[in-house]
Amino acid sequence: MSIFQGDLNPQERPRSKLNIRTPQATDGVAVHNLIRKSAFVDDNSLYCYLLVCTHFAMTSAVAERNGETVGIVSAYIPPLQPDTLFVWQVAVDPLMRRRGLARSMLKFILQGEACRNIRHIETTVTADNGASRKLFSTLAEKLGCPLHESVLFNRREHFLNLHDSEHLLRIGPFELTARTTETIHPIAQEIQHERHL
Ligand SMILES: CC(C)(COP(=O)(O)OP(=O)(O)OC[C@H]1O[C@@H](n2cnc3c(N)ncnc32)[C@H](O)[C@@H]1OP(=O)(O)O)[C@@H](O)C(=O)NCCC(=O)NCCS
């Protein structure tokens, strides 16, 4: 008798190797598809995701399981804020959530050479995105630093009432050391890392 793994809850499903790595242009389509099936993240053009996977590859990460893209963190260092990592979009396949994958991808990015001068992390969230808020509030706790919230893009003024307000979460200042990055998420046996410099 065969068992369809999708019928099992996450705790019952057999664990398989996860690989977190630097994105490449050939990941663009899979990243776009993952974004399209995720609630709370805006779907942008494929071209946008090709830029993430090339220009912003060193500050982004993809996660794969059995050759399938199951996670993406797209981030960049804003030109006028060289000490800040701005996390643009995070998405994890619904079947892979609540296992530390988003936090492991953030850890992978922060451990990279491109982040050696990073002292703050910024992102924006809508008021109702509890999962994303929890991801970043626990990150601040683990880095042992404050999290400050303010409205960056206002529903009426910036989105013409077509989109909820985006709240800026600013985490920091923190020191990135081997010890602090290790506290973000413990090394998980089933997760491999692969960095392309
Ligand atoms: C937000 C999202 C990326 C989190 O990914 P994830 O891999 O499940 O997150 P992690 O497992 O690394 O969890 C990090 C922390 O957030 C908590 N968390 C994650 N999802 C949660 C939820 N739905 N409700 C409450 N807490 C949640 C985890 O418990 C963990 O905290 P802990 O260490 O105290 O237990 C995922 O839910 C997702 O893809 N959502 C849809 C897209 C989205 O909203 N993206 C963010 C806006 S760009």
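These legends go with close-up views of a predicted model.

**View 1. Who sits around the ligand.** Zoom in on the ligand and you'll find 22 residues surrounding it. Phe40, Arg97, Ala102, Ala131 and Lys134 are the closest of these. Sorted by class, the shell holds ten nonpolar, seven polar and five charged residues.

**View 2. Where the ligand's shell comes from.** Three elements each chip in at least two residues of the shell: strand 4 (84–92), helix 3 (101–110) and helix 4 (130–143). Which of the helices gives the largest share? That's helix 4, with six residues of the shell.

**View 3. The largest nonpolar core.** This core is made up of 38 residues. Val31, Ala61, Ala63, Val73, Met105 and Ile109 are the ones that touch the most other members. Helix 3 gives the most to the core, supplying seven residues. As a rule, nonpolar side chains in soluble globular proteins tend to be buried together.

**View 4. A closer look at Met105.** Set aside the neighbours within four places in sequence, and Met105 is in contact with Ile20, Ala61, Ala63, Gly71 and Val73. Ala61, Ala63 and Val73 also appear with Met105 among the core residues that touch the most other members.

**View 5. The buried face of helix 1.** Helix 1 covers residues 28–36, and its buried residues are Val31, His32, Leu34 and Ile35. Why do they line one face of the helix? Looking down the axis, these buried residues fall within an arc of 160°, so they share one face. What covers them includes helix 2 (46–52), strand 2 (61–65), strand 3 (68–76) and strand 4.

Conventions:
Residues numbered from 1 in each chain as written. Predicted model: local features only at pLDDT ≥ 70, side-chain atom pairs only at ≥ 80, totals over all residues. Near = placed C-beta within 6 Å. Helix = DSSP H or I, 4+ residues; strand = E, 2+ residues; numbered from the N terminus. Nonpolar A, V, L, I, M, F, W, Y, C, P; charged D, E, K, R; others polar. Core = buried A, V, L, I, M, F, W, Y, C linked by C-beta atoms within 7 Å. Buried ≥ 20, exposed ≤ 12 C-beta atoms within 10 Å, placed from the backbone. Contact = placed C-beta atoms within 7 Å. Arc of directions from axis to C-beta.
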